Each structure stands twice: as C-alpha cells, then as structure tokens.
Amino acid sequence: MDKNKLEDIVSLCKRRGFIFPGSDVYGGIAGFYDFGPLGVSLKRNIENSWWKFFIEDTDNMFGIDAAIIMNSKVWQASGHVDTFTDPMVECSNCHGRFRADKIDQTKCPTCGKSNTFSEERQFNMMFRTNVGPVDNESSISYLRPETAQGIFTNYKNVVDTIYPDLPFGLAQIGKAFRNEISPRDFIFRVREFEQMEIEYFVNPENWEKEFELWISKIHNWLEALGLDKAKVHELEVEGEDRAHYSKRTVDFEYDFPIGKEELLGLAYRTDFDLKNIERVSGKSMDYLIKGSDKKLVPHVIEPSFGLERAVMAVLSEAYSEDEVNGEKRIFLKLPNNLAPVKICISPLLKNKPELVTQAREVYAKLKKQYSAVIWDDNGNIGKRYRRQDEIGTPYCVVVDFDSLEDNSVTVRNRDDTSQYRIKIENLTDYFSDKF
Ligand code: ATP
C-alpha cells in the first residue's frame, strides 16, 4: 500500500484540472467526483480505446445506449431489489455506519471504541426515485446500479431487428449508481461511476472456450492501456463469493497504490437474466439458430469494466518522478493515444512577434492534423516543460531564434527530456507514426 503515491496523484489531479471532488465549492459530497478539462479528455480517450478495441474492430459486437431509469420490474426480475445488498454495521457510540466485510470488527474506525457494533443488516445499494408527479409505491424506480440490465432488456429488440449470428455481443458505456456504504480511495469506490459492459451471447455448449478467449482479449486491452503485465492479476472467484447469477467469475485485479484490488470482472451469467425476463415479461427470449429449426435461450459471458477504475489504474501506472538538473520532476508517462494533450507549441519568448508568428503557423498546421494540440506561452520555457510533463503531454515544440534562420524547431520528448531539431516541413512526417 502506497498511500503517499495516492495522495500525490489526487493532488496532481486537482492541481492540473483532471479530477475535482464533487460539489467542491459547497464542501463536497462523499462518493462523487467531477472530471475537469484534462480528466474528461483522459477518460474519453480510455472509453474510445475500449469502444474501438472491443466493438469497432470486431465483426460481431454492437453498441446500444439504454435509458438510465427503467421500469422497476427490471430490477425485480434481475434480483437487485431483493439481493443487491452489502452487509452493514452501526457503531452504537458514534453512529458511524460501515460495510461489515471491509472493516476490522473489533474497533470502530471512526471513534476508536471497541465492541460497539450492532448486528449486521443488509443494506440495499440502489438509489430509489419516483417517476412522475406521484410519490407512491407504483411510481418507484431506481437509478441503475449496472448498465447490464439495459442490454438484457434490449436483447430481443436487437435480435428482432438486426438478427446477428450467434455468438454476438452487445456493449454499452454509461453511468451506474450505487449507494456505497463507505465510498473510499479517491475514484476507486464512488457512488456514481461509469461502466463499460458487454453481454456476449453464446451457445451454452461453447461457454468455456469463449470464456477463455475473453480472458486473453481483456489482457490485450489492458496492455494497450499501458498497464504493466506484472501488475495485473487474475482472481478465480470461488463459490459463495460469486454474485448470485454467476457460474464462473474471474476478477482482474491491479496493483493500485491502495493495494491489489479489483479493476474489472468477467462473469459467466448463464441464461439467468434472459430467463428472468421471460418469466416476468412473459415474452420468449429464444434465438433461432440460423439455417436450422433449433431454438435456444443464449447464455451470457459478461466482461464488466469500471471506467473510473481504469482511469485510476492508468494514472497510477503513468505517475512518475525523476530528477532533472538536480530538481525533482513529476511527469505522467501516459501512452500517446491516451494523453489529453498530444503536442504543446510555444514561441521561446512571447514578446517577440517574429517568433510568435512562426510558432502560430506551426500551431495551426499541427492543430489541424492532430486536434489535441495546445498553445502555451506562459512563463519561461522550463516552467512550460514542467507543466506539460505533469499533464502527460508527450511532445513540446519550441520556435526559437534559430528557427527564423533554419526553419527548424526543437521537439522535446517528455519521458527522457531529449531534444531534437526538426524541419518544420518534416514535422507532420515526424509525428505521423506517433498518434
Ligand atoms: P466491488 O467488489 O469492488 O464492490 P463488484 O464486484 O461489486 O465490485 P461489479 O458489480 O462486478 O463490481 O461491477 C463491475 C465493475 O464496475 C467493477 O469491476 C468495477 O470496475 C466497477 N465498479 C463497481 N462498483 C464501483 C464503485 N462503487 N466505484 C467505482 N467503480 C465501481
């Protein structure tokens, strides 16, 4: 556990505009965070990488985007109303409430008193709301605690409309809400977060083979995120630790600064969800195997990713410190495709119009090509480099007095701080294989 590293990351995220505590100006609200300009780009780059890897680059995966609030029958049929609970205890001294399976039960973590805990009771983590102007039992619904049910409820719509070959997958990225008893560790355990989920519909005969394929696909994507393979671990979840619907679950854990914790889960959900929908809705969830008269209710393999946990893993992996010219330097060693800013352009001095004019031309050219390019002429060049290092910008381009003579610029590399002279006309070529 490296609490200091987590604090350093939290502080950098706030200082540089990645992630702020939710409702910060009013003193915050536990379990909610807001993403600032750089954080939203990082998060979106991770999302886009996921969507491209798992959906766009494949032949049998399709996206959907379901409403967050659904008919409450969805949550009755899925078992969430009855069983989406965590065990909770209350301290009789300070009245703090805690998740029973996550604390040392001999001593209250808030007031420090011993043997003050109540009996465990089950606490349902769904946020309840009422739909429409009437506040009664029949108007109750819930903010979805997982995106998965939005996919299951659309399975029939998709089969009836585009009728994909089996196996096929439906994917969704969207908000999920859980009223966690003890939100903690920055964006690791929050009450509002984003999930990236796939329900992969298979012929039950093939589930074991498909499950193994998913394990290796997931490893490949985590590698593309730049995560060190040695820090990613598979945990085979045994018997009663598995969710009620799962016959096999592998959690992918990552060595976060807070320790080895779950990054994402892969579960074999059988036909549990589609059968529940059949039972409660009375509609058939059969799939007619093409070219035959055989019908079956497909089984489901579900890779379920938490976007905030992916952001936290990427930040933990990228956060680096070294020493440059005898001074401590902090930099984010982000993979180029995830960096919020790809290139920063500066004139060496902002009060020399000839430098500014040439730098503006370079900026316009690169901005058109790579979009995530920024202009920075604040402070001296050393300060600009430090600022860009901290937000993970892989390259800085500087126009100086020599540029006016030789039409070349200095390109400076974030990771090793090396600098090269490159002709302006060759810049596009230089960056073409980098982004
Ligand atoms: P945990 O055991 O950590 O509570 P879980 O096993 O209940 O997680 P799942 O229901 O499998 O989680 O959800 C799938 C993924 O959604 C998790 O692997 C995680 O990445 C993410 N996730 C779940 N709960 C939270 C949360 N409170 N905050 C942030 N991400 C979450």
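This report walks through the fold, the ligand shell, the nonpolar core and some local backbone features of the chain above.

The structure is a predicted model, in which local features need pLDDT of at least 70 and side-chain atom pairs count only at pLDDT 80 or more, while totals for chains, interfaces and linings use all residues. Residues are numbered from 1 along each chain as its sequence is written.

**Overall layout**

Let's start with the whole chain. There are 13 helices and 23 strands; these are DSSP runs (helices H or I, at least four residues; strands E, at least two), numbered from the N terminus. The C-alpha atoms fill a box of roughly 80 × 70 × 50 Å along the principal axes. Buried residues make up 33% of the 435 residues, where buried stands for 20 or more other C-beta atoms within 10 Å of a residue's own, exposed for 12 or fewer, and partly exposed for values in between, with C-beta atoms placed from the backbone. Taking contacts with a separation of 6 or more, 63% join residues 24 or more positions apart; a contact requires C-beta atoms, placed from the backbone, within 7 Å.

The domain assignment gives domain 1 (3-70 + 143-316) and domain 2 (341-432), with bounds from an automatic or database assignment. Their C-alpha centres lie 38 Å apart.

**Ligand shell and core**

Around the ligand there are 14 residues, and the closest are Phe193, Gly265, Ser304, Gly306 and Arg309. Strand 10 (192-202), strand 13 (259-270), strand 16 (299-306) and helix 9 (307-318) each give two or more residues to this shell. A residue is near the ligand if its C-beta atom, placed from the backbone, lies within 6 Å of it.

Helix 9 turns up again in the largest nonpolar core, where its eight residues are the biggest contribution. Because domain 1 and domain 2 both give residues to this core, it lies between them. Such a core is a set of buried Ala, Val, Leu, Ile, Met, Phe, Trp, Tyr and Cys residues joined through C-beta atoms within 7 Å. Of its 88 residues, Ile46, Val311, Val314, Ile345 and Val362 touch the most other members. Leaving out residues up to four places away in sequence, Val311 touches Leu42, Lys43, Ile46 and Ile187.

**A buried arginine**

Arg178 sits in the loop between strand 9 (168-177) and strand 10. Arg178 counts as buried because it has 21 C-beta neighbours inside 10 Å. Beyond its neighbours within four places in sequence, Arg178 contacts Met125, Pro145 and Arg191. The C-alpha atoms of Arg178 and Phe127 are separated by 6.7 Å, although their positions lie 51 residues apart along the chain.

**Hairpin and helix 11**

Strand 17 (residues 319-324) and strand 18 (residues 327-332) run antiparallel and are joined by six bridges; strands pair if DSSP finds at least two bridges between them. Glu321 has Ile330 of strand 18 as its bridge partner.

Helix 11 (residues 381-391) has Tyr385, Gln388, Asp389 and Ile391 as its buried residues. Their cover includes helix 2 (37-56), strand 18 and strand 19 (343-347).

**Backbone details**

Several residues take a positive phi, as listed here.

| Residue | Place | Phi |
|---|---|---|
| Tyr163 | loop between helix 6 and strand 9 | near 40° |
| Thr270 | strand 13 | about 50° |
| Asn325 | hairpin of strand 17 and strand 18 | near 50° |
| Gly392 | just after helix 11 | about 85° |

Tyr163 is exposed, with 11 other C-beta atoms within 10 Å, whereas Thr270 is partly exposed, with 19. The loop between helix 6 (155-161) and strand 9 also holds Pro167, and the peptide bond from Leu166 to Pro167 is cis, with omega near 0°.

Note on methods. Contact = placed C-beta atoms within 7 Å.
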